[in-house]
There are 2 protein chains.
Amino acid sequence: MTQNIYDDPQFYKGYSQLRRSVEGLDGAPEWPALRALLPDLRGLSVVDLGCGYGWFCRWAQEQGAGRVLGLDVSEKMLAQAKATTSAAGIIYERADLESFDLPEASFDVAYSSLALHYIKDVGAFVAKVHSALKPGGRLVFSTEHPIYMAPSHPGWSIEGDGRETWPLDGYLREGPRTTDWFAPGVVKHHRTIGTTLNSLIRVGFTITHVEEWRPTDEQISANPHWAKELDRPMFLLVAAQRP
Amino acid sequence: MTQNIYDDPQFYKGYSQLRRSVEGLDGAPEWPALRALLPDLRGLSVVDLGCGYGWFCRWAQEQGAGRVLGLDVSEKMLAQAKATTSAAGIIYERADLESFDLPEASFDVAYSSLALHYIKDVGAFVAKVHSALKPGGRLVFSTEHPIYMAPSHPGWSIEGDGRETWPLDGYLREGPRTTDWFAPGVVKHHRTIGTTLNSLIRVGFTITHVEEWRPTDEQISANPHWAKELDRPMFLLVAAQRP
């Protein structure tokens with residue numbers, strides 16, 4: 001099963017104070033780019049894999065989605081979701097993304113925000129998502145970018161001339177990466193972009209968009225320190241379709 | 001037009017001494033992975049975009065390809081190709097990959113090894129390749145990996161604890177990169193993996209394989225210093241199909 005770090009009290013306390021936790025979708029700088037990959041949700045059945053506080057589920061319901069299922073492994077997050085983002089048509093269920101089950105050909109859209117990097121067996125995950133989608137259905141997800149995740153020491157280095165660089169190493173050594181993020185020992189699973197895309201292709205998906213997210217010029221104007229994000233990508237966004 | 005650095009005498013002298021120049025395909029460590037993406041060439045018409053010395057053209061002809069066209073902008077390389085890798089069924093022609101023309105729907109396979117990073121307008125390039133392929137035809141190419149090309153100072157950095165890292169910066173700043181490689185002022189065009197793949201998708205290709213090349217365990221056993229290549233990818237290999 002995935003490491004359920006979100007139920008660690010120390011982790012949860014830190015995570016719950018992030019802008020994206022407090023403000024929801026609009027607090028996530030990559031949300032506009034991810035939203036642009038989604039179809040019009042009116043009347044569609046939607047599953048959110050790793051729904052967290054349920055911000056996306058509520059948004060999908062507000063867009064007119066016909067049925068919304070939010071899955072998450074964290075009891076704390078589901079409790080918060082049920083308390084704050086519930087609405088008619090939304091169901092929240094506890095599920096481990098390494099071992100969940102969904103009925104076949106039952107969803108039009110599968111969405112997943114920043115959950116894939118917690119999953120060890122990406123092949124099994126995307127096979128289940130493919131099977132749960134109706135023909136023509138779409139998968140849209142974000143994940144931590146492998147450039148961001150790979151390094152043995154993932155933090156800026158200062159070169160002799162004062163420039164900050166991202167000290168990449170081990171990019172082609174796939175496997176777990178353990179970092180301290182709000183709590184010690186957070187485990188994520190590093191794999192190349194190629195591995196992720198080939199996993200999708202292998203189970204039958206057609207890749208329709210691949211985006212290594214960068215802040216827009218408008219976002220950088222509003223938050224000048226985000227210009228640093230142009231040096232290495234933090235998020236990978238992918239859209240794929242079941243033919 | 002692309003910078004024709006291969007006709008620079010200083011560049012050509014250095015390049016011609018590379019293992020891949022002297023030994024041909026078997027001198028290129030990524031060749032087995034690239035070859036694995038190709039269909040059986042028997043009876044197929046093949047175009048090699050940036051054919052260099054013609055090693056691939058001759059190999060394709062030996063595999064039984066029905067017709068092989070090799071295009072390159074370098075007069076020196078084409079002269080060498082005509083002198084050393086000519087065979088019945090192979091045609092070598094001079095062409096700039098920014099402005100070449102090919103007849104429509106006339107090739108089964110388009111191949112390109114380490115040429116794409118010299119091309120500024122990747123969208124126009126892949127549109128022409130798509131149009132030149134027959135329905136069902138395949139494009140297989142390698143390009144310098146954007147992680148390798150992006151940095152302002154593309155060479156290993158030594159961290160305080162002695163580790164070597166790849167000092168990534170500017171990954172999301174697409175555009176020209178000028179380095180000194182055999183000759184001063186070699187211009188390559190950096191773009192993200194996402195930009196390359198979306199260019200293919202936009203003109204109608206289906207992505208069938210994406211590989212961030214790494215040496216195999218056998219290659220590392222035979223050349224232990226290649227283990228360093230696991231720290232950052234040097235080559236990106238892609239296969240796509242015109243539906």
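Reader: Leaving aside its neighbours within four places in sequence, with which residues is Ala110(A) in contact, and what makes them contacts?

Author: Two residues are in contact if their C-beta atoms, placed from the backbone, lie within 7 Å of each other. Beyond the neighbours within four places in sequence, Val47(A), Leu49(A), Val129(A), Ala132(A), Leu133(A) and Leu139(A) satisfy this rule for Ala110(A). The model is a predicted one, in which local features need pLDDT of at least 70 and side-chain atom pairs count only at pLDDT 80 or more, whereas totals for chains, interfaces and linings use all residues. Residues are numbered from 1 along each chain as its sequence is written, and chains are lettered from A and ligands numbered from 1 in the order in which they are written.

Reader: What makes a set of residues a nonpolar core, and which members of the largest one touch the most others?

Author: The members must be buried Ala, Val, Leu, Ile, Met, Phe, Trp, Tyr or Cys residues, joined through C-beta atoms within 7 Å. A residue is buried if 20 or more other C-beta atoms lie within 10 Å of its own, exposed if 12 or fewer, and partly exposed in between. The largest such set holds 114 residues, of which Val46(A), Ala110(A), Val46(B) and Ala110(B) touch the most other members. Another core, of 16 residues, lies apart from it and includes Ile147(A), Leu168(A), Tyr148(B) and Ala150(B).

Reader: How do you know which strands of chain A pair in the open sheet of seven strands?

Author: Strands (E, at least two residues) and helices (H or I, at least four) are DSSP runs, numbered from the N terminus. Two strands pair if DSSP finds at least two bridges between them. Seven bridges join β5 (residues 133-144) of chain A to β11 (residues 235-241) of chain A, so this antiparallel pair meets the rule. Ser142(A) has Leu237(A) as its bridge partner in β11(A). The order in the sheet of chain A is β3-β2-β1-β4-β5-β11-β10, with mixed pairing. Because β3 (90-94) and β10 of chain A each have a single partner strand, they stand at the edges, and one side of each is left without a neighbour in the sheet.

Reader: How do you know the relation between chain A and chain B?

Author: Copies are superposed by least squares on the C-alpha atoms of residues with pLDDT of at least 70 in both. A turn of 180 degrees, with a shift of 0.0 Å along the axis, lays chain A on chain B with an RMSD of 0.0 Å. That is the relation of a two-fold axis. The residue of chain A that comes closest to the rotation axis is Pro167(A), at 2.5 Å (C-alpha).

Reader: Why is it said that the copies meet through the same surface?

Author: Of the interface residues of chain A, 100% are also interface residues in chain B, so the surface is the same. In contact are 31 residues of chain A and 31 residues of chain B. On the side of chain A, β7 (164-168), α8 (193-202) and β10 (206-212) give two or more residues, and β10(A) gives the most, with seven.

Reader: What makes β7(A) and β7(B) a pair?

Author: Three bridges join β7(A) to β7 (residues 164-168) of chain B, so the requirement of at least two is met. These strands run antiparallel, and Leu168(A) stands opposite Trp166(B).
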